[in-house]
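Trainee: Could we go through this model together, one question at a time, with the reasoning spelled out before each answer?

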Amino acid sequence: MTHIFHRSPLTPPKLAARGQSNYLIDASGRRYYDGSGGAAVSCLGHGHPEVIDAMIEQLRKLEYAHTSFFSSEPAERLADTLVRQSPAGLGHVYFLSSGSEAVEAALKMARQYHVERGERTRRHTIGRLQSYHGNTLGALAIGGHQGRRALYQPLLVESHHVSPCFARHYRLAGETDDAYGTRLAQELEQTILALGPETVSAFIAETVVGATAGAVCAVPGYFEKIRRVCDRHGVLLILDEVMCGLGRTGAYHAFQREGVEPDLLCLAKGLGGGYQPIAAVMAQEKIVDAIVSGSGAFQHGHTYIGHPVACAAALAVQNIIERDGLVRRSAQLGETLHRLLRDRFGGHPHVGDIRGRGLFQAIELVARREPDTPFDPDLRLHALIKREALARGLACYPGGGTMDGVRGDHVLLAPPFLATQAELEEAVDILAAAVDAAIASVG
Ligand code: PLP
């Protein structure tokens, strides 16, 4: 055992020695295609010289200044960039260092907004089952990932969960998209009414679900209906785009495809592209106005928020994405990847679904297609596929199988926006071999 307390101490991971464009290279010199950008993080791949230069330049000027004394130029410019690329109302940015911190800050901002407006009774937050919003206690509480919550249940603040929007598994026979979305919006409204609307602060959802279910988009109209329910009851809508945001789904913000705007938006992974740990909450004017004209200060803060080098890295990443048209590239390459997955797995007896948007695509494994039957979760097929893929030179992001209520196993692909078609073809080839080897190994 090494001295690092690894996630799985008995099977510590390989050493990644270097990164080179869209590949990771281990200590023995073996190359692995970064098919999921870690966890949808590395949008520009590894070793991008412009990002590295921007970080070094910032380090030479100023490595750190505490935000209670000073702001910094890269932080101000990064906020300007995010606001300029977002719908008009999302006019303010609060920086953090991780997705979990962004979710915690958004939950607290929502609560403070209500208190500042004299609605002190608004304290409940509603999330969805089969969601993931982070591992800190507040984010864990509002997430619906039962496997990760179970051990800590007694410590989690009271929270409430409604059904996910996952048509493949939960739409009733004969139910239209419209009727399904309406049913889910009614469920949210009933939950708000049961708690008492005057006690509900916010509803939080991933715009496209990542870790728990694998690139699951809501049915058309779902978010508009949800938005209307929230508005009717004065409940804030928080969208968590920590994983699916900033070009990953082929739109700058995933919500721009849903016809809604959130009150609060959580961003992280693709913001710094892995060059630095950085996250953000974007807030509508009304939220910041209520706080500024009320007590005058958001009651929150961490030592490393708005870190100048992290902001310089993220600014460079976001500038490159904008300059090089990489959101459009994510949309186009996403179509290519989707087609490659369809060509390869469309007739596969053990692939029941191929889904996603942009460079955020997943396959779902099934023991049988007819009737649609998942593999026994105890087989942990997704973990076996991850292992087989890594042995063949592909890093991909597995999930499912062990999470309460999630049917089946899936594998998520979220390659860098600078991926090439040839790389995607190779990744899909390796994934196919890994899927077959993993299924053969479980008989
Ligand atoms: N929210 C979503 C949607 C995520 O996918 C994640 C991480 O996977 C988080 C929040 C937590 O982010 P972090 O791991 O940076 O704390």
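Trainee: Which helix gives the largest share of the shell around the ligand?
Mentor: Bear in mind throughout that this is a predicted model. The shell around the ligand holds 15 residues, and those that come nearest are Gly99, Ser100, Gly134, Val242 and Met243. The largest share of that shell, three residues, is supplied by one element spanning residues 99–116, namely helix 4.

Trainee: How many residues of the shell around the ligand are charged?
Mentor: By residue class, the shell divides into seven nonpolar and six polar residues. What remains is the charged class, and the number of charged residues is two.

Trainee: Is strand 12 enclosed or left open by the rest of the structure?
Mentor: On one side of strand 12, Ala279, Val281 and Ala283 are buried, and on the other side Ala280 and Met282 are buried, which leaves both faces covered. Because five of the five residues in strand 12 (residues 279–283) are buried, the rest of the structure leaves this strand largely enclosed.

Trainee: Which residue of strand 12 stands opposite cysteine 266?
Mentor: Strand 12 runs antiparallel to strand 4 (residues 92–96), to which it is joined by five bridges, and in strand 12 the residue opposite phenylalanine 95 is alanine 280. Strand 11 (residues 264–267) also runs antiparallel to strand 12, with four bridges between them. Opposite cysteine 266, the residue in strand 12 is valine 281.

Trainee: Why do the buried residues of helix 3 lie on the same side?
Mentor: An α-helix has 3.6 residues a turn, so residues three or four places apart point the same way. In helix 3, the buried residues are Pro74, Ala75, Leu78, Ala79 and Leu82. They are on the same side of helix 3 because the arc that they cover around the axis is only 135°.

Trainee: What span should helix 3 have, given its 12 residues?
Mentor: Helix 3 covers residues 73–84, and the expected span follows from a rise of 1.5 Å a residue. The end C-alpha atoms are 16 Å apart, which agrees with the expected span of 16 Å.

Trainee: Which elements do the buried residues of helix 3 pack against?
Mentor: Asp80 and Arg84 are exposed on the other side of helix 3, whereas the packing described here involves its buried residues. Their partners are helix 2 (49–61), strand 4, strand 12 and helix 12 (308–323).

Trainee: Where does glutamate 73 lie, and how far in space is it from alanine 312?
Mentor: Glutamate 73 lies in helix 3, and with 14 other C-beta atoms within 10 Å it is partly exposed. Glutamate 73 and alanine 312 are 239 residues apart in sequence, but the distance between their C-alpha atoms is 8.6 Å.

Trainee: Which residue of strand 6 is the bridge partner of glycine 127?
Mentor: In strand 5 (residues 124–128), five of the five residues are buried, with His124, Ile126 and Arg128 pointing one way and Thr125 and Gly127 the other way. Strand 5 runs parallel to strand 7 (residues 200–206), joined by three bridges, and pairs in the parallel sense with strand 6 (residues 160–162), also over three bridges. The bridge partner of glycine 127 in strand 6 is histidine 161.

Trainee: Which strands stand at the edges of the open sheet with the order 1-2-3-15?
Mentor: Four strands form this open sheet, and their pairing is mixed. An edge strand has a single partner strand, so one side of it is left without a neighbour in the sheet, and the strands placed like this are strand 1 (16–20) and strand 15 (394–395).

Technical notes. Residues are numbered from 1 along each chain as its sequence is written. This is a predicted model: local features need pLDDT of at least 70, side-chain atom pairs count only at pLDDT 80 or more; totals for chains, interfaces and linings use all residues. A residue is near a molecule or strand if its C-beta atom, placed from the backbone, lies within 6 Å of it. Helices (H or I, at least four residues) and strands (E, at least two) are DSSP runs, numbered from the N terminus. Ala, Val, Leu, Ile, Met, Phe, Trp, Tyr, Cys and Pro count as nonpolar, Asp, Glu, Lys and Arg as charged, and the others, Gly among them, as polar. A residue is buried if 20 or more other C-beta atoms lie within 10 Å of its own, exposed if 12 or fewer, and partly exposed in between; C-beta atoms are placed from the backbone. Two strands pair if DSSP finds at least two bridges between them. The expected span of a helix is 1.5 Å times one less than its number of residues. The arc is that of the directions from the helix axis to the C-beta atoms. Two residues are in contact if their C-beta atoms, placed from the backbone, lie within 7 Å.
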